[in-house]
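I have opened my notebook on this structure and will jot down what I look up as I go. Feel free to follow along on your own screen.

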Amino acid sequence: YKTPWNLLLFWPGLIFLAAVGINYLYEIITGKFIKIAVTILIISGGIHLLWQSYELNFIYDSSPTNPYVYAHPTRDVFKIEKRVNELAQSAEEGHDMLIQILIPQGDYWPLPWYLRRFNKIGYWDDMPTQKKAAGVYITNPALEGELAAYLYTAIPFEERQLYLPLFDEPIFLRPAVELRLFVKKTLWDILP
């Protein structure tokens with residue numbers, strides 16, 4: 001995963017070598033027309049590199065087609081953060097609202113960073129042992145069935161509630177790592 005960082009080591013040498021090469025090229029070229037053509041070629045190459053840099057940094061920064069992206073979160077992380085904060089602003093508990101994140105193999109990073117303002121948040125690899133219903137559940141499709149069974153069998157009857165999906169469209173933590181977010185109906189009803 002450190003391949004992009006390892007690539008940084010040889011770039012200064014290549015840039016210096018390219019500058020020396022361009023300088024040498026200008027010294028050996030004698031014709032004015034050829035110097036103008038080489039200048040246009042070098043400027044077009046620079047523009048092309050700027051265009052590639054823009055696309056890699058702003059368009060394909062979280063795309064699985066970018067070979068230098070490793071476990072990069074998608075922009076859906078910002079949607080999750082925004083929506084869960086909206087819930088907290090609407091909820092009586094605010095940022096003390098209980099959130100349970102159930103993702104196998106601890107594959108939930110960077111959610112702890114984006115949800116760091118919440119005081120009652122827990123991360124599990126499978127179903128939690130506590131029998132308290134959370135306001136929000138974040139899981140992946142592999143645990144969705146177990147979560148439904150947990151919510152409607154393990155939670156005491158008097159605390160059971162209906163849970164609704166927080167998003168209509170699929171949400172991805174990283175490319176090919178889909179998440180499902182569920183919110184209890186009482187919170188859903190007070191959303192703006």
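**Entry 1: Gln130**

I began with Gln130, which is partly exposed at a relative accessible area of 32%. Before going on, I note that this is a predicted model. Gln130 sits in the loop between strand S2 (121-124) and S3. Which residues does Gln130 touch, not counting residues up to four places away in sequence? I found Leu98, Gln100, Trp124 and Tyr150. I also looked up Lys32: Gln130 and Lys32 are 98 residues apart in sequence, and their C-alpha atoms are 80 Å apart in space.

**Entry 2: strand S6 and its partners**

Next I turned to strand S6 (residues 177-184). Is strand S6 largely enclosed or exposed? I see that 6 of its 8 residues are buried, so the rest of the structure largely encloses this strand.

Then I listed the pairings of S6. Strand S3 (residues 136-139) runs antiparallel to S6, and 4 bridges join them. Within that pair, Ile138 has Leu181 as its bridge partner in S6. Strand S4 (residues 163-165) is also antiparallel to S6, with 3 bridges, and here Pro165 stands opposite Phe182. Strand S5 (residues 171-174) pairs with S6 in the antiparallel sense over 3 bridges, and Arg174 stands opposite Val177.

I checked the turn of the S5 and S6 hairpin as well. There are 2 residues between the strands, and Ala176 takes a positive phi near 70 degrees.

**Entry 3: salt bridges**

How many salt bridges does the structure hold? I get 7. As a reminder to myself, side chains of opposite charge can pair when their charged atoms come close.

I started with Glu86 and Arg83, whose closest N and O atoms are 2.9 Å apart in a salt bridge. Both lie in helix H4 (residues 76-90), and because they are 3 residues apart there, about one helical turn separates them.

On S6 I noted a salt bridge between Glu178 and Arg180, with the closest N and O atoms 3.1 Å apart. Glu178 is partly exposed, at a relative accessible area of 21%. Since buried means under 20%, Glu178 at 21% counts as partly exposed. Arg180 is partly exposed too, at 26% relative accessibility.

In helix H7 (residues 185-190), Asp189 and Lys185 are 4 residues apart, so about one helical turn separates them. Their side chains meet in a salt bridge of 3.0 Å, N to O. I have Lys185 as partly exposed at 33% relative accessibility, and Asp189 as partly exposed at 49%. Elsewhere, Asp76, Lys79 and Glu169 are joined into one network by salt bridges that share partners.

**Entry 4: nonpolar cores**

Last, I looked up the nonpolar cores. In soluble globular proteins, nonpolar side chains tend to be buried together. The largest core here has 26 residues, and Ile80, Val84, Met97, Leu111 and Ile138 have the most contacts inside it. Which elements give two or more residues to this core? They are H4, strand S1 (99-102), helix H5 (111-114), S3, S5 and S6. H4 gives the most, with 5 residues.

I followed Leu111 in more detail. Leaving aside neighbours within four places in sequence, Leu111 is in contact with Ile80, Ile101, Ile103, Tyr123, Ile138, Leu173 and Leu179. I closed the page on a second, separate core of 13 residues, which includes Met127, Ala134, Tyr137 and Tyr150. Tyr150 was already in my notes as one of the residues that Gln130 touches.

Notes
Residues are numbered from 1 along each chain as its sequence is written. Side-chain values use heavy atoms; hydrogens and water are left out. Buried means under 20% relative accessible area, exposed over 50%, partly exposed in between (1.4 Å probe, protein chains only). Two strands pair if DSSP finds at least two bridges between them. Contact means heavy atoms within 4.5 Å. A salt bridge is a side-chain nitrogen of Lys or Arg within 4 Å of a carboxyl oxygen of Asp or Glu. A nonpolar core is a set of buried Ala, Val, Leu, Ile, Met, Phe, Trp, Tyr and Cys residues joined through side-chain atoms within 4.5 Å.
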